[in-house]
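Trainee: I've got this model open and I'd like a close look at one part of it, the strands and the aromatic residues that go with them. Could you walk me through that slowly?

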Amino acid sequence: MQNNITVYGNFFLDEIYCLDSELNVDGNNFCGSYNISYGGIANFIRGIHYFDPHCGISAFTQIGSEINKYDLEKFAQENRANLYYNISEDYKTSRSVILLDKKSSRRTSVTSWGACVNLNFNNIQASNWHHIAYLDKLYFLRGEHIDEMCKSGQVSGDLCLQQYTGQQKSFLFKEIFPRLQYLFLSHKEAAALNITSNVARTATIIHAPHSIEVLTPNAINNINLMFDSIENLNVLGAGDLFAACCVNYILTHKKLNSVLEIQKSMSTCLKSIS
């Protein structure tokens, strides 16, 4: 049976400066390459399509009027995705300026949040899996929206911020996290929220450059996998692709039983897409 995945969240325009090797500067000139790409949930869509080309993908987002609709529809067709979007007249599309060093597998970015932070959740459709991307930067997300998603499938989410107010933390821990089956986050986000045990219904999965940690309701079943870093790897969108990798694996195997297999699949995906 074909899987159906729906993703909600921020759609980005990424301005990417990719270094040739190390940080080389010839006078005032940048030595490397430059391009503009779609990021945010676009990376999640690319990941799902890479792992399962036959999966039905739907995406709900909000963009600014500066986006080229032809290019957007071309992206959707290439990834077999149904893209539903509102166009904001008041805000531009979210943007990131990214300095990418493939040799050391590192990146530095500056983000300007735009239209999608005001995404509404009035069009929740039935799906095997719902994923809420960058949920800590979606101002109108509420617990009842996740409850509605749970009626048709499993629900996961990921984060993007590394600093939180006390009010933000209280809202996430009381209203959002306990409703999710799976929460995916980076080691920096986990540290900012002081997450050291599971906060979701099934598992909290923390990814870092050299490790993946799975926290479960029963701590005896926790998993911590360490691995070596890989040089010359494009880590752009790694968090989004990690979430796609986990979602696809769980849908395929019905449970999260091989973190090592996820790490291998993730590395292969990053190499292929880069």
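Mentor: Here is a walk through one sheet, its aromatic pairs, and then a few other spots in the chain. Keep in mind that this is a predicted model.

Let's start with the sheet. Its 4 strands make an open sheet, and reading across you get the order S5-S2-S8-S9, with mixed pairing. At the edges you find strand S5 (32–40) and strand S9 (106–112); each has a single partner strand, so one side of each is left without a neighbour in the sheet. On average, neighbouring strands here are turned by 20° against each other, direction ignored. As a reminder, strands of a sheet pair through backbone hydrogen bonds, either parallel or antiparallel. For S8 (residues 94–101) and S9 the answer is antiparallel, with 7 bridges joining the two. If you want a spot to click on, try Leu100, which stands opposite Arg107 in S9.

Now for the aromatics. The structure holds 14 aromatic pairs, and one of them takes us straight back to the edge strand S5. Tyr38 and Phe75 have ring centres 5.7 Å apart and planes at 80°, so this pair is edge-to-face; the cut-off for that label is over 60 degrees. Tyr38 sits in strand S5, while Phe75 belongs to helix H2 (residues 69–78), so the pair ties together parts that are 37 residues apart in sequence. Both partners are covered up: Tyr38 is buried at a relative accessible area of 13%, and Phe75 is buried at 6%.

Set that beside another pair, Trp129 and Tyr182. Their ring centres are also 5.7 Å apart, but the planes are at 25°, so this pair is stacked. Here the label needs planes under 30 degrees apart. Trp129 comes from strand S10 (residues 129–132) and Tyr182 from strand S12 (residues 182–186), so this contact ties together parts that are 53 residues apart in sequence. Trp129 and Tyr182 are both buried. There is also an aromatic cluster to look for, made of Tyr8, Phe60, Tyr84 and Phe121.

Since Tyr182 has brought us to S12, stay on that strand for a moment. S12 is mostly covered, with 5 of its 5 residues buried. Tyr182, Phe184 and Ser186 point one way from the strand, Leu183 and Leu185 point the other way, and all are buried. S12 also has a partner: strand S11 (residues 154–158) pairs with S12 in the parallel sense, over 3 bridges. Within that pairing, Gly157 has Leu183 in S12 as its bridge partner.

Next, a pair of helices. Helix H1 (residues 41–51) packs against helix H6 (residues 238–253) at an angle of about 40°, and their axes are 8 Å apart. That makes H1 oblique to H6; an angle under 35 degrees would have counted as roughly parallel. The crossing of H1 and H6 is right-handed.

On to the cysteines, in case you were wondering about crosslinks. A search of the whole structure finds 0 disulfides. Cys55 counts as buried, at 3% relative accessibility. Cys150, at 26%, counts as partly exposed.

Finally, the loops have a few residues you may want to inspect. Tyr134 has a phi near 55°, a positive value in a residue other than glycine. Tyr134 lies in the loop between S10 and helix H3 (143–150), and Tyr134 is buried, with a relative accessible area of 13%. Asn194 likewise has a positive phi of about 55° although it is not a glycine. You'll find Asn194 in the loop between helix H5 (187–192) and strand S13 (203–208). In contrast to the buried Tyr134, Asn194 counts as exposed at 60% relative accessibility.

The last stop is His210, in the loop between S13 and strand S14 (211–215). His210 counts as partly exposed, at 39% relative accessibility. Going from C-alpha to C-alpha, His210 and Leu225 are 8.4 Å apart in space and 15 residues apart in sequence.

Notes:
Residues are numbered from 1 along each chain as its sequence is written. This is a predicted model: local features need pLDDT of at least 70, side-chain atom pairs count only at pLDDT 80 or more; totals for chains, interfaces and linings use all residues. Side-chain values use heavy atoms; hydrogens and water are left out. Two strands pair if DSSP finds at least two bridges between them. Axes are lines fitted to C-alpha atoms, for helices over the stretch in contact, and angles run from 0 to 180 degrees between N-to-C directions. Rings of Phe, Tyr and Trp (its six-membered ring) pair if their centres lie within 6.5 Å; planes under 30 degrees apart count as stacked, over 60 as edge-to-face and the rest as tilted. Buried means under 20% relative accessible area, exposed over 50%, partly exposed in between (1.4 Å probe, protein chains only). A disulfide is a pair of cysteine sulfur atoms within 2.5 Å. Angles under 35 degrees count as roughly parallel, over 145 as roughly antiparallel, 65 to 115 as roughly perpendicular and the rest as oblique. A crossing is left-handed if the near helix is turned anticlockwise from the far one by less than a right angle, and right-handed if clockwise.
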